[in-house]
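Open the model in your viewer and keep the selection panel at hand. This tour goes from the whole chain to a few chosen spots.

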Amino acid sequence: MEEAVSKTEFRNAMARVCAPVNVITSNGPAGRGGFTATAMCSVTEPPTLLVCMNGRSAQCGLFLENRRFCVNVLADDHQELAGYFAGRQQDMSARYAAADWVEMPSGSQALADAMVSFDCRLVEARLVGTHHIFIGQVIGIRSRADGNALLYFDRNYINVPTQVGSFGG
């Protein structure tokens, strides 16, 4: 039988994976919430994506009850906002006061100057290990044509110019 890698080994390896930084928001019957996440990706057709949230987060119940969320992909000038939603700012009202927001069709808040915002209806939630996987059907999109993405790599924020080349396609 194969042995599992250690938690530390896995976390150190995952730190070597570059990922976009996102602020995930929700607004509904349970109230308004938000957190910073790098664990987000597209899933399938119809347009669907997933986001992972630590199951110990005090906001899990809020997201599950609201049944909606918005993924805001951050630009390179949103590093301070990313820190606020990662927990540096505990007061949710203060987190939201740090930026301009637009209400999406679901009622969730989209960051006015996000690279792109995906408004989602929660279609499935599953607890796997320590994290909830939220699967959302995309019901609205806002995007901008300029700017550079904020990325997270090796436990640090990094900025990459938009025009870095392509994979040949």
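## Charges, then the fold

Select the charged side chains. The protein chain carries 14 positive and 16 negative ones, and the centres of the two sets are 5 Å apart. Keep in mind that this is a predicted model.

Now show the whole chain as a cartoon. You should find 4 helices and 12 strands in the protein chain. Turn on the C-alpha trace. Along the principal axes, the C-alpha atoms of the protein chain fill a box of roughly 50 × 40 × 35 Å. How does the radius of gyration agree with that of a compact globule? A compact globule of 169 residues would have a value near 15 Å, and the protein chain has 16 Å, so the two agree.

Switch to the surface. The accessible surface of the protein chain is about 9700 Å². Carbon and sulfur atoms account for 52% of that surface. Colour by burial next: 37% of the 169 residues in the protein chain are buried. Then draw the contacts between residues at least 6 apart in sequence. Of these contacts in the protein chain, 64% join residues at least 24 apart.

## Strand β9 and its partners

Select residues 116–128, which form strand β9. Add strand β6, residues 68–73. β6 and β9 pair in the antiparallel sense, over 6 bridges. Zoom in on V73. Which residue in β9 is its bridge partner? The partner of V73 is V116.

Next, add strand β10, residues 131–143. β9 and β10 are also paired in the antiparallel sense, here over 12 bridges. Pick F118 and look across to β10: the bridge partner of F118 is I141.

Follow the chain from β9 into β10. The two strands form a hairpin, with 2 residues between them. Stop at G129 in the turn and read its backbone torsions. The phi of G129 is positive, at about 65°.

## Helix α2 and L62

Move to helix α2, residues 60–66, and select L62 within the helix. Is L62 buried or exposed? Its relative accessibility is 15%, so L62 counts as buried, the cut-off being under 20%.

Show what surrounds L62. Beyond its neighbours within four places in sequence, L62 is in contact with S26, A30, G31, R32 and G33.

For a last step, set a distance label from L62 to E124. These two residues are 62 apart in sequence. From C-alpha to C-alpha, L62 and E124 are 15 Å apart in space.

Technical notes
Residues numbered from 1 in each chain as written. Predicted model: local features only at pLDDT ≥ 70, side-chain atom pairs only at ≥ 80, totals over all residues. Heavy atoms only, no water. Pairing = 2+ DSSP bridges. Rg over C-alpha atoms; globule rule 2.2 N^0.38 Å. Buried < 20%, exposed > 50% of the residue type's maximum accessible area, 1.4 Å probe, protein only. Contact = heavy atoms within 4.5 Å. Areas by Shrake-Rupley, 256 points an atom, 1.4 Å probe, with all protein chains shown as cover. Lys, Arg positive; Asp, Glu negative; His and termini not counted. Charge placed at Lys NZ, Arg CZ, Asp CG, Glu CD.
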